[in-house]
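Welcome! Below are a few short exercises, each followed by a worked solution. Have a look at the structure, then try each task before reading on.

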Amino acid sequence: MADTNFDVIIVGSGPGGYVTAIRAAQLKLKVAIVERAELGGICLNWGCIPTKALLRSAEVYHSMQHAEDFGLSAKGVDFDLNKVVERSRGVAAQMSKGVTYLMKKNKIEVVVGSGALDGVATGAGGPLRKVKVTDKDGKVTNLTAKHVILATGARARVMPGMEPDGKLIWTYREALVPNTMPKSLLVVGSGAIGIEFASFFRDLGAEVTVVEVMDRVLPVEDEDISAFARKAFEKRGMKIHTGATVKGLKTGKDNVTATIELKDKDGKAKTETLTVDRVILAVGIVGNVENLGLEGTKVKVDRTHVTVDGYGQTGEPGVYAIGDLTGPPWLAHKASHEGVVCVEKIAGVPGVHPFKTDNIPGCTYCHPQVASVGLTEKAAKDKGFQVKVGKFPFLGNGKAVAMGEPDGLVKTVFDAKTGALLGAHLIGAEVTEMIQGYTIGRQLETTEAELMETVFPHPTISEVMHEAVLDAYGRVIHI
C-alpha cells in the first residue's frame, strides 16, 4: 500500500460498508474499507443471502411433495442436506466475489484486518482520524482519514444459561451449515431469523417447536398478520408457544432438554420439559461495539448500539456509524441507504436530508412470506390517528388460486382525515417482492386517491394490493 491517507475510511464491508464505499468513490473521495473476514459482511456470507438460498431449496422440495395438487407426478422425492448447504455456500461465495470486483472497479483500497480508532493526527487540511488495522497474524497497518465510518454490524445475542456450543445449541451460523438433519428442533425466538429457520427445517421434515416470550409470533408485525402467520405455521405442523420462556437448556450426548415456562388454557403458569435434537437461538442481536477504540472518545453507546444523528454523525467529530451498529431496524437495506446519506453529507452533496426509518420495508422469507412498511393499525391508533383499514384475502385473487397459493392477506391502514397511507402489511406468496409498491407510495406521500386510480395488471397477485386499498374505502370488488 503506497499511501495510507484517505478521505474516508470505512470499518466493515457489509451492505452498509461496501455500498457506502462505492458511493464515496462515485463522489470522487479517496476510500479505504477495512474488513477482518469476507467482503460482504454477515449479510452476504452468513445472513440474508445464504438463508434465502436454503429457503429456496426447501420451497422447491415442498412444491415437489405436492406435485399431485398440480396434476403432476413426482415419486421418490428426497433431498441431500449436504448439497443443499453446498449450494447455499456457493451462492454466498459468488456474491462475496462480486463485492471484491466492485471494490476493484471503483478503485477502493481493501485493507484486511480488524480496524480501531487510534487517536487524532495533525494534517495540512485539519485533524485526521487515525485507524489501526491488525490482521490475523498481528501485523499492523496505520491509516489516516478526515472521516471514519464505523459499519461493524451486529452478532447474535447470547442469553445467560443458554450459551450456544456450536454442536447441539446453534446460532444462525451453525443453522446455516448443519452437518446432520435434526428430526426435532426447538427455535427460541419468533422474529425474522427464528421463523425463517423454523420454516426451512419444517419444510425438510423436522418436528419444529417455536417458543416466543411475547404474546404473538413475529411480534413487530401487525396483529392481524401475526395471527394469520401463526395459523399458517401451525397448519404446516409447527408447535408454537407464545408468552413462554425457556428457563434452561441441558445438553445430552446428542440431544438437548429444554425447560419451558408457559401458561395453560386458564392462564396459569406451568413448566414443561422438551427434548429435541437441536436448538436454534434467535433472541435478538447486539452491536459489535467492542475493540473499536471508542474509549476516550465522545462516541456514545446505548447498551450495545452507537448513538448517531440523522446523518450518521456520532458525538466525536469525524467519526460516524451506520447499519446494525446503530440499532433497529436491523436490515441490510437500511444500512445501505443510511451509509449513502452519511457519505453524501460528508461530501457536501446539496439537499441531503437526514435519514429516517419511517419508510423502510421489513421482510421475512418464511412460508408464507411476510412483508410490511409503515405503522401497524395499533401503532397508528396509539399515535392518535383516526384510521381506515382495508383487508383482502389471497383467496379472492385468481392468480393466487391458479398458483396454488390461496393462503394470504393484505392489510392497509390509512389516515381517515388525509387519506395518507400510514402502513401496509402482507402475508402470502411473493409478498416480499410486492411490498415495494406500497413503499414507493409512502415515499411519494401517496393518498388513497392515487392508489385507487392506479391500474394493476391482471392476472397478478399484486391485484390484492389494489383490492386492500379499495376495501378501506368501501369499494372492494372481489369479495
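**Exercise 1.** Find where A151 lies, and decide whether A151 is buried or exposed.

*Solution.* Start with the chain: A151 sits in the loop between β6 (140–150) and β7 (154–156). Keep in mind that this is a predicted model. Next, take the relative accessible area of A151, which is 11%. Buried means under 20%, so A151 is buried. Now look for its partners: leaving aside neighbours within four places in sequence, A151 is in contact with I10, V11, G12, G17 and I322. For one of these, G17, the C-alpha atom is 5.5 Å from that of A151, although 134 residues separate the two along the chain.

**Exercise 2.** Work out which element holds V131, and which residues V131 is in contact with.

*Solution.* Begin with the element: V131 belongs to strand β5 (residues 126–134). Its relative accessibility is 1%, so V131 counts as buried. Then set aside the neighbours within four places in sequence; the contacts of V131 are I9, G115, A116, D118, T141, N142, L143 and V148. As a last step, compare positions: A145 is 14 residues from V131 along the chain, and their C-alpha atoms are separated by 8.1 Å.

**Exercise 3.** Describe how helix α1 and helix α8 cross, and which residues make the contact.

*Solution.* Two packed helices are described by the angle between their axes and the distance between the axes. Here α1 (residues 15–26) and α8 (residues 332–347) have axes that come within 8 Å and cross at roughly 35°. The crossing of α1 and α8 is right-handed. On the α1 side, the contact is made by P15, G16, V19, T20, R23 and A24. On the α8 side, it is made by A332, A335, S336, G339, V340, V343 and E344. Sorted by class, this contact of α1 with α8 has seven nonpolar, four polar and two charged residues.

**Exercise 4.** Put the strands of the open sheet in order, and say which are the edge strands.

*Solution.* Strands of a sheet pair through backbone hydrogen bonds, either parallel or antiparallel. In this open sheet, five strands follow the order β8-β15-β9-β10-β11, with parallel pairing. The edge strands are β8 (169–170) and β11 (239–242), since each pairs on one side only. Zoom in on β10 (residues 207–212): four bridges join β10 to β11, and E212 stands opposite T242 in β11. Finally, add helix α6 (residues 192–203), which lies across β8, β9 (184–188), β10 and β15 (278–281) and runs at about 165° to β10.

Notes:
Residues numbered from 1 in each chain as written. Predicted model: local features only at pLDDT ≥ 70, side-chain atom pairs only at ≥ 80, totals over all residues. Heavy atoms only, no water. Helix = DSSP H or I, 4+ residues; strand = E, 2+ residues; numbered from the N terminus. Buried < 20%, exposed > 50% of the residue type's maximum accessible area, 1.4 Å probe, protein only. Contact = heavy atoms within 4.5 Å. Axes fitted to C-alpha atoms, helices over the stretch in contact; angles between N-to-C directions. Left-handed = near helix turned anticlockwise from the far one by under 90°. Nonpolar A, V, L, I, M, F, W, Y, C, P; charged D, E, K, R; others polar. Pairing = 2+ DSSP bridges.
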